[in-house]
Amino acid sequence: MAAALQVLRHLARAPLGPLLWGGPLARLASSMALAEQARQLFESTVGAVLPGPMLQRVLSLDPDSGELKVRDRSFQLRQNVYLVGFGKAVLGMAAAAEELLGQHLVQGVISVPKGIRAAMEHAGKQEMLLKPHSRIQVFEGAEDNLPDRDALRAALAIRQLAEGLTADDLLLVLISGGGSALLPAPIPPVTLEEKQTLTKLLAARGATIQELNTIRKALSQLKGGGLAQAAYPAQVVSLILSDVVGDPVEVIASGPTVASIHSVQDCLHILNRYGLRAALPRSVKTVLARADSDPHGPHTCGHVLNVILGSNALALAEAQKQAEALGYRAVVLSTAIQGDVKSVAQFYGLLARVAGARLALPGAGASVEEDDRLCELAADLQLPDLQLKEALEAVVGAQGPVCLLAGGEPTVQLQGSGKGGRNQELALRVAAELGQWPLGTVDVLFLSGGTDGQDGPTEAAGAWVRPELSSQATAEGLDVATFLAHNDSHTFFCRFQGGAHLLHTGLTGTNVMDAHFLFLQPQ
């Protein structure tokens with residue numbers, strides 16, 4: 001892209017350049033430059049939450065005394081540290097932890113996504129890889145973020161390690177997004193296939209990550225505090241990279257080191273909501289009935305220290321800083337974007353219209369009806385930290401380009417059998433919304449990307465779009481509405497303009513949900 005921009009700038013300086021530069025060529029160059037800035041900003045966002053630097057901010061070891069400091073807590077090490085981990089970012093976290101702990105680390109077991117070591121090696125990310133003589137055993141599994149037999153073997157190895165610990169030991173638990181799929185250990189007689197089928201049905205009907213994890217915990221040996229119980233009486237330090245809105249430790253990876261606060265009745269309520277209770281296999285009914293009559297009551301986790309290592313908020317704070325360095329007036333709208341992707345797209349589409357009107361004509365703004373409708377959409381999404389008023393005020397006061405930043409994890413209700421992910425679908429839906437309104441003299445670009453570098457079962461992290469996408473797609477014989485109806489956003493972006501709008505980063509080695517950028521630039 002940088003080379004293409006140089007060519008365009010060279011043409012602008014040529015004899016006919018000024019004639020072209022004020023028309024289509026100028027708009028093309030502006031579009032490419034804006035897209036390149038969006039990509040750079042996304043990379044900066046991801047860079048702020050890479051495992052190594054984050055872990056070093058939280059852990060420190062005094063080599064002389066053998067004292068490990070975890071924020072304001074201290075632990076005496078004497079070759080008594082064991083390590084387990086599960087998640088998309090855990091390979092890099094484990095490499096950094098082993099480097100820090102040195103000879104104090106006795107043994108470790110981690111469960112990471114299938115193919116991640118080869119991907120990191122291919123990308124030249126040596127800092128994400130364990131050393132050749134590492135004491136940490138690596139299991140790869142959960143292809144396409146779905147629990148499988150490989151992940152089950154890893155979970156059982158992790159349970160075995162934890163159960164062998166004593167009161168003199170310290171268990172370091174590394175957790176990141178994708179941890180639920182990488183730690184499947186269903187309570188017998190529930191089989192992995194039965195649990196997997198139930199999870200797929202819930203996800204396809206639009207269940208939230210919180211609802212999915214409530215069910216997973218009730219059917220798991222290790223989730224909902226089960227891992228902490230297995231490790232007792234050892235001390236447990238859990239370092240968590242959050243991929244859940246609001247960073248609730250009991251929800252991230254289904255809370256393996258946090259006592260579950262949910263009851264069987266909570267599970268039944270969720271299953272009723274999505275019309276699945278009557279279709280439950282006998283094994284699931286057996287486990288839920290057994291838990292309901294447990295005379296011991298809920299477990300406690302008083303021997304555990306849970307620490308949030310990194311989050312979407314931390315990533316967006318870095319993005320805001322980098323956007324300001326690029327000359328944008330940058331505002332973080334929310335780190336809690338969730339809800340149906342259609343509603344989220346409508347919100348972003350109208351936000352672009354309302355904010356763009358204020359930026360083009362300060363003091364004029366959009367119509368009262370549009371302002372009211374935007375507030376209604378925001379209220380429907382129920383975002384606890386939404387800074388909409390502050391963002392619109394910043395737009396009015398801006399003397400130049402604006403970047404509105406947000407993060408979270410919208411949900412997609414599957415209606416078709418296409419290929420895509422929530423970021424690509426959100427971007428395509430936002431493009432459809434942007435194409436409905438004239439945006440005047442303001443350039444607009446929207447980008448949505450998953451910080452783990454993988455959006456659904458695709459090799460893309462997400463996509464970026466502009467208002468003219470729908471009309472350009474029609475000229476190429478592509479109907480946006482048809483692709484959306486089949487949840488086939490990835491196929492669309494692969495075909496549209498040769499895939500130029502796809503965001504490719506490769507697996508990043510981290511995961512703090514998604515990042516959304518809305519750029520508004522006066523022409």
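User: Before we look at this predicted model, what makes a salt bridge?

Analyst: A salt bridge is a side-chain nitrogen of Lys or Arg within 4 Å of a carboxyl oxygen of Asp or Glu.

User: Okay, so why is the pair D452 and K88 called a salt bridge?

Analyst: Their side chains come to 2.6 Å, N to O. The cut-off is 4 Å, so the pair qualifies. Across the interface of domain 1 and domain 2, the rule finds one salt bridge, along with two residue pairs in polar contact.

User: Which residues belong to domain 1 and which to domain 2?

Analyst: The domain assignment puts 2-11, 20-48 and 313-522 in domain 1, and 51-310 in domain 2. Their C-alpha centres lie 33 Å apart.

User: With the centres 33 Å apart, how do you know that the domains are in contact?

Analyst: Contact needs heavy atoms within 4.5 Å, and 21 residues from domain 1 and 26 residues from domain 2 take part. So the two domains do touch by that rule.

User: How much area is buried between domain 1 and domain 2, and which residues stand out?

Analyst: About 1700 Å² is buried, with carbon and sulfur atoms giving 56% of it. On the domain 1 side, L507, G509 and N511 supply 30% of the area buried against domain 2, more than any other three residues.

User: What makes up the side of domain 1 that touches domain 2?

Analyst: Ten nonpolar, nine polar and two charged residues. Strand β10 (residues 329-337) gives the largest share of that side, three residues.

Technical notes
Residues numbered from 1 in each chain as written. Predicted model: local features only at pLDDT ≥ 70, side-chain atom pairs only at ≥ 80, totals over all residues. Heavy atoms only, no water. Domains from an automatic or database assignment. Buried area = accessible area lost by both parts, 1.4 Å probe. Polar contact = N/O pair within 3.5 Å; in protein donor to acceptor, adjacent residues only side chain to side chain. Helix = DSSP H or I, 4+ residues; strand = E, 2+ residues; numbered from the N terminus. Nonpolar A, V, L, I, M, F, W, Y, C, P; charged D, E, K, R; others polar.
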